[in-house]
Amino acid sequence: MSLFRSTLLRTRLAVPPRYICLRYSSTSTEPVVLPRLHSDLKNAMRSKNKPTLNVIRSLQAEIINASKTAKPITTDGALYSLIQKQMKGSTTAIQEFEAAKRDDLVQKEQEQLDILKKYADEIPKVEESEMDGLISAAVEKLEEGKKTFGSVMGKVMGGIKGRPADMDYLNRKIEEIVGKK
């Protein structure tokens with residue numbers, strides 16, 4: 001009886017196989033860094049890497065706060081803008097700490113800034129050749145009298161669709177083209 005009971009319990013506790021459904025998308029805006037943050041957090045905890053741990057925790061806190069607003073962070077483009085915002089804050093803090101002669105805090109912020117730059121570099125950005133093509137297509141679509149900086153920038157940003165891009169390069173190229181015409 002006990003042999004039968006253990007077999008019966010084992011069969012009842014056996015978990016049926018789960019079927020995995022994978023969804024493939026043809027768009028190139030799939031997040032690269034965003035899904036990896038959780039595993040990076042675990043790795044930083046295991047290696048006891050305090051600066052990386054602090055940076056990832058602050059990024060995740062901002063992501064959670066943004067999820068409660070109208071614009072949640074679901075793409076790497078939105079994550080890139082968040083990282084840029086944090087980098088700007090770290091740069092400002094470094095300048096203030098240098099003015100106050102707090103080298104220990106400068107070093108701490110510099111480490112965090114380096115980690116943020118590493119994550120920002122891993123996010124795929126729009127190539128300059130693609131931006132040139134978008135700019136020329138936007139200029140061709142607009143009428144001669146309506147080729148202003150704002151109208152061209154609006155068309156180009158619609159083509160970029162939230163992907164991170166080098167805005168300095170984009171601004172400079174649009175000013176060159178609009179200034180010529």
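# Helix packing in an all-helix predicted model

The axes of helix 3 and helix 5 (residues 103–122) cross at roughly 60° and come within 9 Å of each other. Helix 3 and helix 5 are therefore oblique to each other. This description concerns a predicted model, in which the protein has 8 helices and 0 strands. Helix 3 also packs against helix 4 and against helix 2, and these pairings are set out below.

**Overall composition**

- Read from start to end of the sequence, the protein follows the pattern α-α-α-α-α-α-α-α.
- The protein has 181 residues, of which 28% count as buried.
- Taking contacts between residues at least 6 apart in sequence, 61% join residues that are at least 24 apart.

**Helix 3 with helix 5**

- The crossing in which helix 3 passes helix 5 is right-handed.
- On the side of helix 3, the contact is made by Pro-51, Thr-52, Asn-54, Val-55, Ile-56 and Leu-59.
- On the side of helix 5, Glu-111, Gln-112, Ile-115, Leu-116 and Tyr-119 take part in the contact.
- Sorted by class, the contact of helix 3 with helix 5 has 7 nonpolar, 3 polar and 1 charged residues.

**Gln-112, a residue of the helix 3 and helix 5 contact**

- Gln-112 has its place in helix 5.
- Gln-112 has a relative accessible area of 14%. Because buried means under 20% relative accessible area, Gln-112 counts as buried.
- When residues up to four places away in sequence are not counted, Gln-112 touches Pro-51, Asn-54 and Val-55. Pro-51, Asn-54 and Val-55 are among the helix 3 residues that make the contact with helix 5.

**Helix 3 with helix 4**

- Helix 3 (residues 50–67) packs with helix 4 (residues 76–99) at an angle of about 125°, and their axes are 11 Å apart.
- Helix 3 and helix 4 are therefore oblique to each other.
- Helix 3 passes helix 4 in a crossing that is right-handed.
- From helix 3, Ser-58, Leu-59, Glu-62 and Ile-63 meet Leu-79, Leu-82, Ile-83, Lys-85 and Gln-86 of helix 4.
- The contact of helix 3 with helix 4 has, by class, 5 nonpolar, 2 polar and 2 charged residues.

**Helix 2 with helix 3**

- Helix 2 (residues 37–47) and helix 3 pack at an angle of about 150°, and the distance between their axes is 9 Å.
- That angle makes helix 2 roughly antiparallel to helix 3, because angles over 145 degrees are counted in that way.
- Helix 2 and helix 3 have a left-handed crossing.
- The helix 2 residues in this contact are Leu-37, His-38, Asp-40, Leu-41, Ala-44 and Met-45.
- The helix 3 residues that they meet are Thr-52, Leu-53, Ile-56, Arg-57, Leu-59, Gln-60 and Ile-63.
- The contact of helix 2 with helix 3 divides by class into 8 nonpolar, 3 polar and 2 charged residues.
- Leu-59 of helix 3 is listed in the contact with helix 2, in the contact with helix 4 and in the contact with helix 5.

**The buried face of helix 2**

- Leu-37, Asp-40, Leu-41 and Ala-44 are buried in helix 2.
- Viewed down the axis of helix 2, its buried residues fall within an arc of 105°, so they line one face of the helix.
- Helix 3, helix 4 and helix 5 are included in what covers the buried residues of helix 2.
- Just after helix 2, Lys-48 takes a positive phi of about 55°.

**Residues of helix 6 and helix 7**

- Ala-137 lies in helix 6 (residues 128–141). With a relative accessibility of 31%, Ala-137 counts as partly exposed.
- Ala-137 and Val-156 are 19 residues apart along the chain, and their C-alpha atoms are separated by 8.5 Å.
- Gly-158 is found in helix 7 (residues 149–160). Gly-158 counts as partly exposed, at 43% relative accessibility.
- Gly-158 and Ala-138 are 20 residues apart along the chain, with a separation of 9.8 Å between their C-alpha atoms.

Definitions and conventions
Residues are numbered from 1 along each chain as its sequence is written. This is a predicted model: local features need pLDDT of at least 70, side-chain atom pairs count only at pLDDT 80 or more; totals for chains, interfaces and linings use all residues. Side-chain values use heavy atoms; hydrogens and water are left out. Axes are lines fitted to C-alpha atoms, for helices over the stretch in contact, and angles run from 0 to 180 degrees between N-to-C directions. Helices (H or I, at least four residues) and strands (E, at least two) are DSSP runs, numbered from the N terminus. Angles under 35 degrees count as roughly parallel, over 145 as roughly antiparallel, 65 to 115 as roughly perpendicular and the rest as oblique. A crossing is left-handed if the near helix is turned anticlockwise from the far one by less than a right angle, and right-handed if clockwise. Contact means heavy atoms within 4.5 Å. Ala, Val, Leu, Ile, Met, Phe, Trp, Tyr, Cys and Pro count as nonpolar, Asp, Glu, Lys and Arg as charged, and the others, Gly among them, as polar. Buried means under 20% relative accessible area, exposed over 50%, partly exposed in between (1.4 Å probe, protein chains only). The arc is that of the directions from the helix axis to the C-beta atoms.
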